[in-house]
Amino acid sequence: MSATNPSSSATLPVVPAAESAHAGCASCSVYRAANLKKLGVTMDSWDYVVALAGNPNTGKSTVFNALTGLRQHTGNWPGKTVARAEGGYAYDEKRFKLVDLPGTYSLLSTSLDEQIARDFVLFGQPDVTVIVADATRLERNLNLVFQVLEITERAVVCLNLMDEAKRHGITVDERQLVRDLGVPVVPTTARFGKGMPELLEAISDVATGKFVCRAQRFEVEPGAVKPALDDLMAMLIDAYPDLPNPRWVALRLLGGDESIVEALRSGELGTLQGFGAREPNVA
Ligand SMILES: Nc1nc2c(ncn2[C@@H]2O[C@H](COP(=O)(O)OP(=O)(O)OP(=O)(O)O)[C@@H](O)[C@H]2O)c(=O)[nH]1
Ligand SMILES: [Mg+2]
């Protein structure tokens, strides 16, 4: 399969000067991104599934459109009236299916949007979860970043709206952020296609295992809770041997998360496994 697309309309809007400057360097991200092939929804098979999470209005759909070429939502989440967009691209001879999640501030409360995002990140087991964060409101956005990292290490932080951050005199030490978070951090201005080559490369690196994430995690249970947590985990693993991250689910149960309790009571937890990621394309 070739990832090369001669059609200029299907080529990522990389900065032309940068493109020519890098044209001789086949291993650099800008050169490789010029070979991006936007696949829209025409995907019947893929190598990797990528989830796009983030607070509302941080540019998730803009990133989604830049990578897939899609401009509109393509369906609803199964059984829900929440719009679901999924599309694809080919990069470095691999096919990536991208799923745009509803914008959420948290994965812990019970709004439908948050449940959908949480269920996809946890049960859909995407190969990579990209968290699009607003660089002008980093502190608030990191809340969701840390919540995602509790569920999955395989993540990339897309630090978007860098143009706005610059306009407000905000600078971000992204190298320090990479060290602190343990996952790749890519500054972007998605509206103008800036940083997309680097984002593509970071996603690819995490998907293929070239970059091994060592996510920062804070959720440490108090000693008194540990026996209950261990018991609960053992029961969960027994009932749902394929359950991704039973520790996270057990912690949510101990915390009284009604939506997880309900999913367990109704038997939905079993059906949530494999949620979305491996099912056929939405029409
Ligand atoms: N200045 C600037 N604007 C951006 C950037 N990225 C996206 N936007 C704009 O921000 C607004 C929101 O972008 P969306 O892509 O719809 O954001 P979203 O995260 O999908 O929003 P929800 O789905 O509603 O949560 C749009 O007007 C975009 O054009 C950026 O890097 N810089
Ligand atoms: Mg959106």
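What share of the contacts in the protein chain with a separation of 6 or more comes from residues 24 or more positions apart? The share is 74%. The legends below start with the whole chain and then turn to single sites.

**Figure 1. Overview of the predicted model of the protein chain.** The chain has 12 helices and eight strands. It has 283 residues, and 52% of them count as buried. Its accessible surface comes to about 13,100 Å². Carbon and sulfur atoms hold 52% of that surface. Contacts between residues 24 or more positions apart make up 74% of those with a separation of 6 or more.

**Figure 2. Confidence along the protein chain, with two stretches of pLDDT below 50.** The average pLDDT of the chain is 82, and 78% of the residues score at least 70. Residues 1-23 have a pLDDT below 50. In the model this stretch has 41 contacts beyond near neighbours in sequence. Residues 277-283 also have a pLDDT below 50, and for this second stretch the model shows 27 contacts beyond near neighbours in sequence. Where pLDDT is low, predicted coordinates should not be read in detail.

**Figure 3. The residues around ligand 1.** Ligand 1 is surrounded by 15 residues. The closest are Asn 57, Lys 60, Ser 61, Thr 62 and Asp 163. By class, the shell holds three nonpolar, eight polar and four charged residues. A backbone N or O atom of Asn 57 is 3.0 Å from an oxygen atom of the ligand. For Gly 59, a backbone N or O atom likewise lies 3.0 Å from an oxygen atom of ligand 1. Arg 191 takes part through its side chain, with a polar atom 3.2 Å from an oxygen atom of ligand 1. On its own, ligand 1 has 650 Å² of accessible area, and the protein covers 72% of this. Two elements give two or more residues to the shell, namely helix H3 (60-68) and helix H6 (162-167). H3 gives the most, with three residues.

**Figure 4. Helix H3, from the ligand shell to the glycine that follows the helix.** Which element gives the most residues to the shell around ligand 1? That element is H3, which supplies three. Seven of its nine residues are buried, so H3 is largely enclosed by the rest of the structure. The buried ones are Lys 60, Val 63, Phe 64, Asn 65, Ala 66, Leu 67 and Thr 68. Lys 60 is also among the residues closest to ligand 1. Gly 69, just after H3, has a positive phi of about 85 degrees.

**Figure 5. Gly 88 in strand S4 and Thr 68 of H3.** Gly 88 is found in strand S4. Its relative accessibility is 0%, so Gly 88 counts as buried. Thr 68 is one of the buried residues of H3. The two residues are 20 apart along the chain, and their C-alpha atoms are separated by 5.3 Å.

**Figure 6. Thr 104 in the loop between strand S5 (94-100) and helix H4 (112-123).** Is Thr 104 buried or exposed? Thr 104 has 3% relative accessibility and therefore counts as buried. Leaving aside neighbours within four places in sequence, its contacts are Gly 54, Asn 55, Pro 56, Asp 113, Glu 114, Ala 117 and Leu 144.

**Figure 7. Two loop residues with positive phi, Glu 93 and Leu 161.** Most residues other than glycine have a negative phi. Glu 93 is not a glycine, yet its phi is positive, at about 65 degrees. It sits in the loop between strand S4 (83-91) and S5. With 52% relative accessibility, Glu 93 counts as exposed, the cut-off for exposed being over 50%. Leu 161 has a positive phi near 60 degrees. Leu 161 lies in the loop between strand S7 (155-160) and H6. At 23% relative accessibility, Leu 161 counts as partly exposed.

**Figure 8. Val 261 in helix H11 (residues 258-265).** Val 261 has a relative accessibility of 17%. The cut-off for buried is under 20%, so Val 261 counts as buried. Val 249 lies 12 residues away along the chain, and the C-alpha atoms of the two valines are separated by 9.6 Å.

Methods
Residues are numbered from 1 along each chain as its sequence is written. Chains are lettered from A and ligands numbered from 1 in the order in which they are written. This is a predicted model: local features need pLDDT of at least 70, side-chain atom pairs count only at pLDDT 80 or more; totals for chains, interfaces and linings use all residues. Side-chain values use heavy atoms; hydrogens and water are left out. A residue is near a molecule or strand if one of its heavy atoms lies within 4 Å of it. A polar contact is a pair of N or O atoms within 3.5 Å; within protein, one must be able to donate a hydrogen and the other to accept it, and residues adjacent in sequence count only if both atoms are side-chain atoms. Accessible areas come from the Shrake-Rupley method with a 1.4 Å probe; for residues, only the protein chains shown count as cover. Helices (H or I, at least four residues) and strands (E, at least two) are DSSP runs, numbered from the N terminus. Ala, Val, Leu, Ile, Met, Phe, Trp, Tyr, Cys and Pro count as nonpolar, Asp, Glu, Lys and Arg as charged, and the others, Gly among them, as polar. pLDDT is the predictor's confidence in each residue, from 0 to 100. Contact means heavy atoms within 4.5 Å. Buried means under 20% relative accessible area, exposed over 50%, partly exposed in between (1.4 Å probe, protein chains only).
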